[in-house]
Amino acid sequence: ITVEESRRALEAAEKAGLPVKVQLMIGYPGETKETIEDTIELMRHCHYNPGGGFAITTPLPGTALYREALERGLIKDEEEYLNKKLWRGYRGHWIHVNLTDFSDEQLMEIRSEGEKRIKDNYRKYIRSHPRLLVNHILRLILFDIYKYVELMKIAMDDPRYASRRLKAI
């Protein structure tokens with residue numbers, strides 16, 4: 001999907017009154033600094049909260065991307081990949097398989113810088129729109145309450161884990 005198609009889809013959803021949640025990915029094969037910059041600029045102009053930022057593209061079993069990663073030798077030990085790497089999850093905190101021409105360090109640096117620029121722009125935007133700022137603050141408060149309740153449920157099964165997580169909140 002192109003940046004222009006994404007922009008039109010976001011505008012159509014807004015026009016239809018649909019709630020929009022933007023999820024971003026980085027690290028797709030063939031991606032360049034220019035294509036990443038296009039995504040950052042789209043987000044800066046659309047003023048959506050990027051949530052958790054960029055997820056790192058992760059090939060999942062049964063997909064064309066997974067088959068490509070195997071064929072290119074990017075997944076060297078399939079059993080380890082499935083049982084150890086994917087088991088940790090794939091929320092973008094680490095790179096399981098780098099599908100780009102960037103080094104892992106470069107990709108993570110580009111990701112961090114892009115997230116910072118998008119989030120800084122979003123914060124600036126909501127500060128200039130009081131209704132959005134109030135909504136944003138309320139969502140943060142409610143999310144913290146939700147996390148607390150979920151951790152209390154976990155505490156019944158694993159009190160030590162829940163205790164560490166509560167301290168982090």
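The axes of helix α1, residues 3-15, and helix α2, residues 33-46, approach within 10 Å and cross at roughly 20 degrees. The model is a predicted one. Angles under 35 degrees count as roughly parallel, and α1 and α2 are therefore roughly parallel to each other. The crossing in which α1 passes α2 is right-handed. On the α1 side, the contact is made by Val3, Ser6, Arg7 and Leu10. On the α2 side, the partners are Asp38, Thr39, Leu42 and Cys46. By class, the residues of this contact divide into four nonpolar, two polar and two charged.

Helix α2 also packs on helix α5. The angle between α2 and α5 is about 15 degrees, and their axes lie 9 Å apart. Such a pair is described by the angle between the axes and the distance between the axes. With the cut-off for roughly parallel at under 35 degrees, α2 and α5 are therefore roughly parallel to each other. Here too the handedness is defined: α2 passes α5 in a right-handed crossing. From α2, the contact takes in Lys33, Ile36, Glu37, Ile40, Glu41, Met43 and Arg44. From α5, Ile110, Gly114, Arg117, Ile118 and Asn121 take part. The residues of the contact of α2 with α5 comprise five nonpolar, two polar and five charged.

Several residues show how these elements are placed. Arg117 belongs to helix α5, which spans residues 104-127. Its relative accessibility is 24%, so Arg117 counts as partly exposed. Beyond its neighbours within four places in sequence, Arg117 is in contact with Glu37, Ile40, Glu41 and Arg44. These four residues are among those that α2 brings to its contact with α5. Arg117 and Met43 are separated by 74 residues in sequence, yet their C-alpha atoms are 9.5 Å apart in space.

Glu41 sits in helix α2. With a relative accessible area of 25%, Glu41 is therefore partly exposed. Glu41 is one of the α2 residues that meet α5, and Arg117 is in contact with Glu41. In the direction of α1, the C-alpha atoms of Glu41 and Val3 are 9.4 Å apart, with their positions 38 residues apart in sequence. Val3 itself is one of the α1 residues that meet α2.

Lys124 is likewise placed in helix α5. The cut-off for an exposed residue is over 50% relative accessible area. Lys124 has 59% relative accessibility and therefore counts as exposed. From Lys124 to His47, the C-alpha separation is 9.6 Å, at a sequence distance of 77 residues.

The loop between α1 and β1, the latter at residues 24-26, contains Val20. A relative accessibility of 29% is the reason why Val20 counts as partly exposed. Not counting residues up to four places away in sequence, Val20 touches Leu10, Ala13 and Tyr48. Leu10 also takes part in the contact of α1 with α2. Val20 and Tyr48 are 28 residues apart along the chain, and 8.1 Å separates their C-alpha atoms.

At the level of the chain, the model holds seven helices and two strands. Along the sequence, these elements follow the pattern α-β-α-β-α-α-α-α-α. The chain has 169 residues, of which 28% count as buried. Contacts between residues at least 6 apart in sequence were also sorted by separation. Of these contacts, 59% join residues at least 24 apart. The area exposed by the chain is about 11900 Å², and carbon and sulfur atoms supply 55% of it.

Methods:
Residues are numbered from 1 along each chain as its sequence is written. This is a predicted model: local features need pLDDT of at least 70, side-chain atom pairs count only at pLDDT 80 or more; totals for chains, interfaces and linings use all residues. Side-chain values use heavy atoms; hydrogens and water are left out. Axes are lines fitted to C-alpha atoms, for helices over the stretch in contact, and angles run from 0 to 180 degrees between N-to-C directions. Angles under 35 degrees count as roughly parallel, over 145 as roughly antiparallel, 65 to 115 as roughly perpendicular and the rest as oblique. A crossing is left-handed if the near helix is turned anticlockwise from the far one by less than a right angle, and right-handed if clockwise. Contact means heavy atoms within 4.5 Å. Ala, Val, Leu, Ile, Met, Phe, Trp, Tyr, Cys and Pro count as nonpolar, Asp, Glu, Lys and Arg as charged, and the others, Gly among them, as polar. Buried means under 20% relative accessible area, exposed over 50%, partly exposed in between (1.4 Å probe, protein chains only). Accessible areas come from the Shrake-Rupley method with a 1.4 Å probe; for residues, only the protein chains shown count as cover.
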